[in-house]
Amino acid sequence: MRAWILLLAGALSAPALAVPFMPDAAHTSVYFGASHFDRTTMRGRFGKIDGAINFDEATQQGGIDFTVDATSLSTRLPVLDGVLKSEQFLDAVQFPIIRLRSDRFVVEGGKLVAVEAKLTLHGVTQPVRLDVRRFSCGDEKLPGSTRHVCGGDFYLAIQRSAFGMTRFLPDVGDRVDLDISVEATPQ
């Protein structure tokens with residue numbers, strides 16, 4: 001009996017393991033915005049996002065490895081899309097993949113508050129911090145089914161010049177704001 005209690009106590013105190021999650025393409029997006037001549041914000045999005053998430057709900061720790069297809073950029077203005085994909089900015093032919101990797105989630109007071117990551121953009125890798133606007137896990141009841149989902153909204157501001165994109169500075173802003181929404185289910 002004592003061995004059984006010790007075994008059970010050991011299992012309960014053992015750290016939980018991260019579980020692989022699959023992002024839902026319909027509920028995962030990356031939007032961006034940058035100042036245009038300090039008058040308006042030029043906005044767009046990336047349409048092709050792929051990724052892997054490992055997440056332990058108990059500790060809120062894990063890792064992410066997301067890729068974004070730079071050629072999937074869309075501002076709904078084909079001429080502007082061409083300029084942003086050209087060698088003047090993203091150079092999507094030479095650098096077709098934008099990558100975000102992390103194995104450091106910042107938890108405060110039992111809540112996920114940030115993700116410290118490495119962003120590879122335009123062939124340059126820089127450390128970045130994604131701040132969490134909201135994040136939660138729970139069951140979604142749909143007609144005829146229930147699925148477990150974790151999701152959140154993340155915010156990141158980068159200086160494009162830090163990634164070697166300096167064309168049209170300072171008229172087109174150096175700061176680029178990224179809004180990332182992710183919804184994922186355990187696999």
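The following exercises, each with a worked solution, concern a predicted model.

In this predicted model, local features require pLDDT of at least 70 and side-chain atom pairs count only at pLDDT 80 or more, while totals for chains, interfaces and linings use all residues. Residues are numbered from 1 along each chain as its sequence is written, and side-chain values use heavy atoms, with hydrogens and water left out.

**Exercise 1. The pairing of β8, β9 and β10**

Task: Determine in which sense β8 pairs with β9 and β9 with β10, and describe the two turns.

Solution.
- Step 1. Helices (H or I, at least four residues) and strands (E, at least two) are DSSP runs, numbered from the N terminus. Two strands pair if DSSP finds at least two bridges between them.
- Step 2. Strand β8 covers residues 111-121 and strand β9 residues 124-142; the two pair in the antiparallel sense over eight bridges. Within β9, P127 stands opposite K118.
- Step 3. The hairpin of β8 and β9 has two residues between the strands, and H122 in the turn has a positive phi of about 60 degrees.
- Step 4. Strand β10 (residues 145-159) pairs with β9 in the antiparallel sense over eleven bridges. F135 has G152 in β10 as its bridge partner.
- Step 5. Two residues also lie between β9 and β10, which form a hairpin. In that turn, G144 has a positive phi of about 85 degrees.

**Exercise 2. The disulfide**

Task: Find how many disulfides the whole structure holds, and characterise the link of C137 and C150.

Solution.
- Step 1. A disulfide is a covalent bond between the sulfur atoms of two cysteines. The criterion applied is a pair of cysteine sulfur atoms within 2.5 Å.
- Step 2. The search of the whole structure yields one disulfide. C137 and C150 form a disulfide with their sulfur atoms 2.0 Å apart.
- Step 3. The angle about the S-S bond is 110 degrees, and the link of C137 and C150 is right-handed.
- Step 4. Because C137 lies in strand β9 and C150 in strand β10, the pair ties together parts that are 13 residues apart in sequence.
- Step 5. Buried means under 20% relative accessible area, exposed over 50%, and partly exposed in between (1.4 Å probe, protein chains only). C137 therefore counts as partly exposed at 31% relative accessibility, whereas C150 counts as buried at 5%.

**Exercise 3. Aromatic pairs**

Task: State how many aromatic pairs the whole structure contains, and classify the pair of F21 and F55.

Solution.
- Step 1. Rings of Phe, Tyr and Trp (its six-membered ring) pair if their centres lie within 6.5 Å; planes under 30 degrees apart count as stacked, over 60 as edge-to-face and the rest as tilted.
- Step 2. Six aromatic pairs are found in the whole structure.
- Step 3. For F21 and F55, the ring centres are 6.1 Å apart and the planes stand at 75 degrees, so the pair is edge-to-face.
- Step 4. This pair links distant parts of the chain, with F21 in strand β1 (residues 19-23) and F55 in strand β4 (residues 49-56), 34 residues apart.
- Step 5. F21 is buried at 5% relative accessibility, and F55 is buried at 4%.
- Step 6. One aromatic cluster is formed by F21, F55, F105, F135 and F154.

**Exercise 4. The loop between β10 and β11**

Task: Describe the backbone and surroundings of F168 and P170.

Solution.
- Step 1. F168 is found in the loop between β10 and β11, as is P170, with β11 spanning 172-186.
- Step 2. Phi of F168 is near 70 degrees, a positive value in a residue other than glycine.
- Step 3. F168 counts as partly exposed, with 37% relative accessibility.
- Step 4. A charge sits over a ring if NZ of Lys or CZ of Arg is within 6 Å of the ring centre and within 35 degrees of the ring normal. R167 lies over the face of F168, at 4.4 Å from the ring centre.
- Step 5. The peptide bond from L169 to P170 is cis, with omega near 5 degrees.

**Exercise 5. Core and contacts**

Task: Identify which residues of the largest nonpolar core touch the most other members, and list the contacts of I158.

Solution.
- Step 1. A nonpolar core is a set of buried Ala, Val, Leu, Ile, Met, Phe, Trp, Tyr and Cys residues joined through side-chain atoms within 4.5 Å.
- Step 2. The largest such core has 39 residues, of which L119, L130 and I158 touch the most other members.
- Step 3. Contact means heavy atoms within 4.5 Å. Apart from neighbours within four places in sequence, I158 is in contact with L119, L121, V128, F163, D174, R175, V176 and L178.
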